[in-house]
Amino acid sequence: MDEILKQKIKQISENYTEEKIGGFIYGDGPIPCNILFVGEAPGKTEVEEGKPFVGVAGKNFEKHLNSIGLSRKDVHITNTCFFRPIKIKESSSGRTTISNRPPKTSEVNLFREVLNEEINLVNPKIIVTLGNVPLKRLTNFKSIGECHGDLYFNNELKRYVFPMYHPSALTYNRNEEFYSMYQEDWNKLKEALNKI
Ligand code: URA
């Protein structure tokens with residue numbers, strides 16, 4: 001990722017005091033690149049390895065990416081929020097547990113400029129949004145359920161957008177029907193890539 005953008009992400013994350021955060025990461029992949037995937041925010045494994053989508057959701061993501069003949073080196077991957085939003089819980093016995101939480105709108109907004117600049121630098125033909133957080137940040141759609149698996153031309157971005165479910169949705173919807181629909185969306189992405 002571009003050094004100036006990295007500096008901005010570092011600065012925004014280190015200066016954020018409203019909530020405790022669990023570290024931050026940068027986008028990953030070639031610049032420029034025809035295909036840009038935008039996720040939500042990194043989790044624990046992503047911060048440990050310094051790369052987006054390398055944890056459990058990332059493994060699902062990569063498996064499906066490979067299933068349509070692409071590998072990580074062919075695509076640029078980034079997030080809507082570049083730090084790991086966390087929830088800290090203290091039990092009555094004094095044990096603390098740290099878990100992920102979705103980023104707040106105000107946290108997404110901290111990175112508006114950064115994500116816009118990354119999109120411009122990567123200059124993709126298509127932006128694939130993963131889940132509701134990047135969908136709402138980059139388009140006027142209200143929910144992934146209404147638009148997943150189709151190709152849209154976004155007049156504000158002046159680019160194609162292809163909304164997909166977040167790969168962690170597979171963890172919450174453990175049924176054959178959802179799995180087939182999700183795999184079908186990847187096949188539709190493959191077709192869309194051949195069209196643009
Ligand atoms: N989930 C995301 O949305 N982004 C990551 O980088 C990892 C998991």
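**Strand pairing and the ligand site**

In this predicted model, Glu 90 of strand S4 is positioned opposite Thr 96 of strand S5. S4 covers residues 83–90 and S5 covers residues 96–100. The two strands are antiparallel and are joined by five bridges. Five residues separate the strands of this hairpin, and Gly 94 adopts a positive phi near 90° there.

S4 also pairs with strand S1, which spans residues 21–24. This pairing is likewise antiparallel and consists of two bridges. Within it, Phe 24 faces Phe 83 of S4.

The UniProt record, an unreviewed entry, assigns the feature "domain: Uracil-DNA glycosylase-like" to residues 26–190. Helix accounts for 37% of the chain over residues 26–190 and strand for 22%. The C-alpha atoms at the two ends of this range are separated by 26 Å.

The ligand occupies the space of the largest pocket. Its surroundings are formed by Gly 39, Glu 40, Ala 41, Pro 42, Glu 46, Pro 52, Phe 53, Asn 79 and His 166. Backbone atoms take part in polar contacts with the ligand at two of these residues, Glu 40 and Ala 41. At Glu 40, a polar backbone atom is 2.7 Å from an oxygen atom of the ligand. At Ala 41, a backbone N or O atom is 3.1 Å from a ligand nitrogen atom. Asn 79 contributes through its side chain, in which an N or O atom lies 2.8 Å from a nitrogen atom of the ligand. The ligand taken alone exposes 230 Å², of which 93% is buried by the protein.

How values were computed
Residues are numbered from 1 along each chain as its sequence is written. This is a predicted model: local features need pLDDT of at least 70, side-chain atom pairs count only at pLDDT 80 or more; totals for chains, interfaces and linings use all residues. Side-chain values use heavy atoms; hydrogens and water are left out. UniProt positions are given in the numbering used here, feature names are shortened, and annotations may be inferred rather than shown by experiment. Helices (H or I, at least four residues) and strands (E, at least two) are DSSP runs, numbered from the N terminus. Two strands pair if DSSP finds at least two bridges between them. A residue is near a molecule or strand if one of its heavy atoms lies within 4 Å of it. A polar contact is a pair of N or O atoms within 3.5 Å; within protein, one must be able to donate a hydrogen and the other to accept it, and residues adjacent in sequence count only if both atoms are side-chain atoms. Accessible areas come from the Shrake-Rupley method with a 1.4 Å probe; for residues, only the protein chains shown count as cover. On a 1 Å grid over the protein atoms alone, a cavity is a set of points where a 1.4 Å probe fits but cannot get out, and a pocket is an open set with protein on both sides within 12 Å along at least five of seven lines; lining residues have an atom within 4 Å of a point. A molecule sits in a cavity or pocket if more than half of its atoms lie within 2 Å of its grid points.
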